[in-house]
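Please open the structure in your viewer and keep the selection tool at hand. The tour proceeds one stop at a time, with a selection to make at each.

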Amino acid sequence: MKKAVCPGSFDPVTNGHLDIIERAATLFDEVIVAVGVNKSKNRLFGPEERIGMLEQATADLPNVSVAGFTGLLTTFCQERGATAIVKGLRAVSDYEYELQMAQMNASLTRIETVFMPTSPEWSFLASSLVKEVATFGGDVSALVPPFVLGPLIEKLAARRAVDGP
Ligand code: PNS
């Protein structure tokens, strides 16, 4: 039974994330989407909101589950009995950072990281860009699942009301 973890901050989940999760689900018996905290990023959605959106987005994938985690990713993988971490690579620019994390994680435990090239149609896609485009009224409906749109626009409006335009 091969179990993999797809980690990320998913703030919010995009069609690019779903592309990787769906393809990982064809390679492994079980995939756990691990919703974590990236300390270098300013979050828009809380953990429960991000988990809820991912549960909705993966509801049709029977071997995929979603869980939040805090602390080290390697500890989460050990606790869940996962032997691989799956990460999407959009471009060469992703590679340096992802390689460093993969090697650090492998040095902490003997976990393997599997890099999966993002499908070309999503290679430009990032949650941070989706938030930026939506902040200025751009149409992101082709980039995120439909049920993410409403909460995204509401959250950005609430943030604008506090921070100003
Ligand atoms: O989607 P992101 O922001 O690239 O996700 C990054 C995340 C949350 C997967 C990464 O920051 C992470 O693994 N954090 C957990 C803490 C940890 O294990 N840090 C050491 C990484 S080498």
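With which residue does Arg-23 form a salt bridge? Before selecting anything, please note that this is a predicted model.

**First stop: helix H1**

Select Arg-23 together with Asp-19. These two form a salt bridge, and their closest N and O atoms are 3.1 Å apart. Both residues belong to helix H1, where they are 4 residues apart, about one turn of the helix. Their surroundings may be compared by relative accessibility: Arg-23 counts as partly exposed at 26%, whereas Asp-19 counts as buried at 11%, because buried means under 20% relative accessible area.

**Second stop: further salt bridges**

The structure holds 5 salt bridges. Select Lys-131 and Asp-11, whose side chains meet in one of them, at 2.9 Å from N to O. Lys-131 is part of helix H5 (residues 127-135), while Asp-11 sits in the loop between strand S1 (3-8) and helix H1 (15-27), so this pair ties together parts that are 120 residues apart in sequence. Lys-131 is buried, with a relative accessible area of 14%. Asp-11 is buried as well, with a value of 5%.

Next, select Asp-94 and Arg-90. Their side chains also meet in a salt bridge, with an N to O distance of 3.0 Å. Asp-94 is buried, its relative accessible area being 14%, whereas Arg-90, at 35% relative accessibility, counts as partly exposed. As a general point, side chains of opposite charge can pair when their charged atoms come close.

**Third stop: strand S4**

Move to strand S4 (residues 84-89) and select Lys-87 within it. Lys-87 counts as buried, at 13% relative accessibility. Add Glu-98 to the selection: a polar contact of 2.9 Å joins the side chains of Lys-87 and Glu-98.

**Fourth stop: the ligand**

Select the ligand and display the residues around it. Which of the 13 residues around the ligand come nearest? They are Gly-8, Ser-9, Asn-38, Lys-41 and Leu-73. Taken alone, the ligand exposes 550 Å², and the protein buries 81% of that area. Two distances deserve to be displayed here. A polar side-chain atom of Ser-9 lies 2.7 Å from an oxygen atom of the ligand. In the case of Leu-73, a backbone N or O atom lies 2.9 Å from an oxygen atom of the ligand.

**Fifth stop: helix H3**

Keep Leu-73 selected and extend the selection along helix H3 (residues 73-80), in which the buried residues are Leu-73, Thr-74, Phe-76 and Cys-77. Turn the view to look down the axis of H3: the buried residues fall within an arc of 160°, so they line one face of the helix. Are Gln-78 and Glu-79 buried or exposed? Both are exposed, and they are carried on the face of H3 turned away from its buried side.

**Final stop: a nonpolar surface patch**

Finally, select Leu-72, Met-104 and Leu-108, which make a nonpolar surface patch of about 300 Å². Leu-108 lies in helix H4 (residues 92-108). With a relative accessibility of 43%, Leu-108 counts as partly exposed.

Methods. Residues are numbered from 1 along each chain as its sequence is written. This is a predicted model: local features need pLDDT of at least 70, side-chain atom pairs count only at pLDDT 80 or more; totals for chains, interfaces and linings use all residues. Side-chain values use heavy atoms; hydrogens and water are left out. Patches are made of residues with over 30% relative accessible area and no salt bridge: like charges are joined within 9 Å, nonpolar side chains (Val, Leu, Ile, Met, Phe, Trp, Tyr) within 5 Å. Accessible areas come from the Shrake-Rupley method with a 1.4 Å probe; for residues, only the protein chains shown count as cover. A salt bridge is a side-chain nitrogen of Lys or Arg within 4 Å of a carboxyl oxygen of Asp or Glu. Helices (H or I, at least four residues) and strands (E, at least two) are DSSP runs, numbered from the N terminus. Buried means under 20% relative accessible area, exposed over 50%, partly exposed in between (1.4 Å probe, protein chains only). A residue is near a molecule or strand if one of its heavy atoms lies within 4 Å of it. A polar contact is a pair of N or O atoms within 3.5 Å; within protein, one must be able to donate a hydrogen and the other to accept it, and residues adjacent in sequence count only if both atoms are side-chain atoms. The arc is that of the directions from the helix axis to the C-beta atoms.
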